[in-house]
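Subject: Structure handover

Hello,

Here is the structure I promised to pass on. Please open it beside this message, as the notes refer to it throughout.

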Amino acid sequence: MPIQKQNSESWKLTLPCTRAEAEALALEIEPLALMNPPPVLMTSEPDESSPNEWRLESYFEGKPNAAAIRAIRSLVPSARNTKPMLEKLPDEDWVTLSQQGLEPVIAGRFFVHNMPDDTVPEGKKAFLIGAGQAFGTGQHETTEGCLLMLDRTRRLGERFDTICDIGTGTGILAFAAMHLWPRAYATASDIDSVAVDVTAENAGINSIPLGMGPGRLTLVAAAGADHPVIARRAPYDLVIANILAGPLIELAPSLAAILPEGGTLILAGLLESQADRVLAAYRREGLRLADRIDNGQWPTLRLRKRKAIGWKRPMRILIGHNGEAPGFGSW
């Protein structure tokens, strides 16, 4: 999901809805995911004594047009005769506001929470990812799916010495990978410098050391894999990219280029209906599907780079060539 820009106006659209409509929203968001950028949807139960009366709040970067409002209204038919409440938010970070108080998430061995006083279950590795200016607090199905895939991959006995997280958002996936493979050289990037700053802050909160050596995280602001540091530290045994289907397809050549033969690529941020197109793009680059986790309408794919047949050729990563997906942020 694209990162909120600090210099953009923020708007909120509010409509009443039923509990059934709120629960069904996860299955009805494909038209919204195609918006650039898509809104953030939050549902809540304002009054526990009226369990069927829920509320839908949609947060937009910029004032939504009539088509966007119609798309939101179509999600809650019970409100067809209700005038939506549209308001411009004050100069506060609406991502922070919309994420405050979210329930913790347990994904495999990981416990992701945004409130310091949450009780950590026994045996879980906790990450405190506060509500902030970047997406990736663990609550979205794509982030949760990646955490589950990382946990499963470790349980299968995979070992990685070099890791790269493309579109890191808050840094949560890079942190989880570093916990699983603590001696790896790790790199994380995002197209938005705000996300890089947020990741650095979260690294401090979660005792993740920054730097260039093993067991340390290197941070860069980059569009896709288009950065000298990413090129210099390649190839990577493990690459994680939790962004959107469009940029995933555009980045297929460059992500495949920074993987060695046998390397692992974890992809997320795509809808179930987009999975075949994404897979086709990576098959053309010599990768095959090794595993898949379906979390609602959001699949997480684990791919492996096939071994080349014949003489090996030297690999050179060309900066600026198929390595940039401008205009896309992270989930």
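Below is what I found, starting with the sheets and ending with single residues.

A word of caution first: this is a predicted model.

**The seven-stranded sheet**

Start here. Seven strands make an open sheet, and their order is 10-9-8-11-12-14-13. The pairing in it is mixed. Strand 10 and strand 13 are at the edges. Each has a single partner strand, so one side of each has no neighbour in the sheet. From one strand to the next, the twist averages 15°.

Look next at strand 8 (residues 162-166) and strand 9 (residues 185-190). They run parallel and are joined by five bridges. Within this pair, Cys-164 sits opposite Thr-187 of strand 9.

Helix 6 (residues 172-180) packs on this sheet. It touches strand 8, strand 9, strand 10 and strand 11. The direction of helix 6 makes about 155° with that of strand 11.

Helix 5 (residues 141-155) lies across strand 11, strand 12, strand 13 and strand 14. Helix 5 runs at about 120° to strand 13.

**Strand 14 and its neighbours**

Strand 14 deserves its own look. It pairs with strand 13 on one side and with strand 12 on the other, as the strand order shows.

- Strand 13 (residues 287-295) and strand 14 (residues 298-305) are antiparallel, with eight bridges. Asp-294 is opposite Pro-299 of strand 14. Arg-292 has Leu-301 of strand 14 as its bridge partner.
- Strand 12 (residues 264-268) is also antiparallel to strand 14, over four bridges. Here Leu-265 has Leu-303 as its bridge partner in strand 14.

The hairpin of strand 13 and strand 14 has two residues between the strands. In this hairpin, Gly-296 takes a positive phi near 65°.

How many residues of strand 14 are buried? Eight of its eight residues are, and the strand is mostly covered. In a regular strand, side chains alternate between the two faces of the sheet. In strand 14, Trp-298, Thr-300, Arg-302 and Arg-304 point one way. Pro-299, Leu-301, Leu-303 and Lys-305 point the other way. All of these are buried, the arginines and the lysine included.

**The three-stranded sheet**

There is also an open sheet of three strands, in the order 5-6-7, with mixed pairing. Its edge strands are strand 5 (105-107) and strand 7 (125-128), and each pairs on one side only. Neighbouring strands of this sheet are turned by 20° against each other on average, direction ignored.

Strand 6 (residues 110-113) runs parallel to strand 7, and four bridges join them. Phe-111 stands opposite Ala-126 of strand 7. Helix 6 appears again here: it packs on this sheet and touches strand 6 and strand 7. The direction of helix 6 makes about 150° with that of strand 7. Helix 6 thus has contacts with strands of the seven-stranded sheet and of the three-stranded sheet.

**Helix 3**

Which residues of helix 3 (residues 66-73) are buried? They are Ala-68, Ile-69, Ala-71 and Ile-72. Seen down the axis of helix 3, these buried residues fall within an arc of 155°, so they line one face of the helix. The general rule is that an α-helix has 3.6 residues a turn, so residues three or four places apart point the same way.

Check the start of helix 3 too. A side-chain oxygen of Asn-65 comes to within 3.2 Å of the backbone nitrogen of Ala-67.

**Single residues**

- Pro-235: the peptide bond from Ala-234 to Pro-235 is cis, with omega near 0°. Pro-235 is in the loop between helix 8 (228-233) and strand 11 (238-242).
- Ser-207: this residue is not a glycine, yet its phi is positive, at about 60°. Ser-207 is in the loop between helix 7 (193-205) and strand 10 (217-221). It is exposed, with a relative accessible area of 63%.
- Cysteines: the structure holds zero disulfides. Cys-17 is buried, with a relative accessible area of 4%. Cys-164 is buried as well, with a value of 0%.

Over to you.

Best wishes

Definitions and conventions. Residues numbered from 1 in each chain as written. Predicted model: local features only at pLDDT ≥ 70, side-chain atom pairs only at ≥ 80, totals over all residues. Heavy atoms only, no water. Buried < 20%, exposed > 50% of the residue type's maximum accessible area, 1.4 Å probe, protein only. Disulfide = S-S within 2.5 Å. Pairing = 2+ DSSP bridges. Arc of directions from axis to C-beta. Polar contact = N/O pair within 3.5 Å; in protein donor to acceptor, adjacent residues only side chain to side chain. Axes fitted to C-alpha atoms, helices over the stretch in contact; angles between N-to-C directions. Contact = heavy atoms within 4.5 Å.
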